[in-house]
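The following account leads through one protein model, from its overall arrangement to individual residues. Please keep the sequence and the coordinates at hand while reading.

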Amino acid sequence: MQNHYICIQSNKLNTVEDLNQLKLVLVKKKRTNKWLAEQLGVNQTTVSKWCTNTTQPDLATLKRISELLEVSVSEIINFE
């Protein structure tokens, strides 16, 4: 298995705008931020921040998101 690392420079992620593809996956699956927030039991603002890459969900939450959306974690995260 190949390891993937995110470079941190000046306390900011270099590719933060491209880190997750959650917004795109939600659109493809015809689901909303509100729906995902309800399924996860989190605030809709939290999901919005994930979709805009302001913050990132932890790995356990990413796994749960992938299950709910029926996609692999790799479809949500951009490793490049």
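The paragraphs below treat the fold, the helix packing and then selected residues.

The model is a predicted one. Its protein chain contains five helices and two strands. Read from the N terminus, the order of these elements is β-β-α-α-α-α-α. The chain has 80 residues, of which 30% count as buried. Among contacts with a separation of 6 or more, 56% join residues that lie 24 or more positions apart.

The helix packing may be followed from H2. Helix H2 spans residues 33-40 and helix H3 spans residues 44-51; their axes come within 8 Å and cross at roughly 120 degrees. Angles of 65 to 115 degrees count as roughly perpendicular and those over 145 as roughly antiparallel, and H2 and H3 are therefore oblique to each other. The crossing in which H2 passes H3 is right-handed. On the H2 side of this contact stand Asn33, Lys34, Leu36, Ala37 and Leu40, and they meet Gln44, Val47, Ser48, Trp50 and Cys51 of H3.

H2 also packs against H4. Here the angle is about 115 degrees, and the axes are 11 Å apart. The crossing of H2 and H4 is again a right-handed one. The residues contributed by H2 are Trp35, Leu36, Gln39 and Leu40, which meet Thr61, Arg64, Ile65, Leu68 and Leu69 in H4. Leu36 and Leu40 thus appear in the contact of H2 with H3 and in that of H2 with H4.

Threonine 61 offers a closer view of this region. The residue belongs to helix H4, which covers residues 59-69. Which residues does threonine 61 touch, if those up to four places away in sequence are not counted? They are Leu40 and Trp50. Leu40 is one of the H2 residues that meet H3, and Trp50 is one of their partners in H3. Is threonine 61 buried or exposed? Its relative accessibility is 19%, and because buried means under 20%, threonine 61 counts as buried.

Tryptophan 35, named above among the H2 residues that meet H4, also takes part in a contact with a charged side chain. Arginine 31 lies over the face of tryptophan 35, at 4.2 Å from the ring centre. Pairs between aromatic rings are another matter. Such a pair is described by the distance of the centres and the angle of the planes. With the centres required to lie within 6.5 Å, the count of aromatic pairs comes to zero.

The loops on either side of H4 hold further points of interest. Asparagine 53 lies in the loop between H3 and H4. Its phi is near 60 degrees, a positive value in a residue other than glycine. Asparagine 53 has a relative accessible area of 7% and is buried. Glutamate 70 is placed in the loop between H4 and helix H5, the latter being residues 73-76. Glutamate 70 likewise is not a glycine but has a positive phi, of about 55 degrees. Its relative accessibility is 68%, and since exposed means over 50%, glutamate 70 counts as exposed.

Serine 72 is found in the loop between H4 and H5 as well. With a relative accessible area of 31%, serine 72 is partly exposed. Its C-alpha atom is separated by 9.4 Å from that of leucine 62, a residue 10 positions away along the chain.

Conventions
Residues numbered from 1 in each chain as written. Predicted model: local features only at pLDDT ≥ 70, side-chain atom pairs only at ≥ 80, totals over all residues. Heavy atoms only, no water. Phe/Tyr/Trp six-rings, centres within 6.5 Å; stacked < 30°, edge-to-face > 60°. Lys NZ or Arg CZ within 6 Å of the ring centre and 35° of its normal. Helix = DSSP H or I, 4+ residues; strand = E, 2+ residues; numbered from the N terminus. Buried < 20%, exposed > 50% of the residue type's maximum accessible area, 1.4 Å probe, protein only. Contact = heavy atoms within 4.5 Å. Axes fitted to C-alpha atoms, helices over the stretch in contact; angles between N-to-C directions. Parallel < 35°, antiparallel > 145°, perpendicular 65-115°, else oblique. Left-handed = near helix turned anticlockwise from the far one by under 90°.
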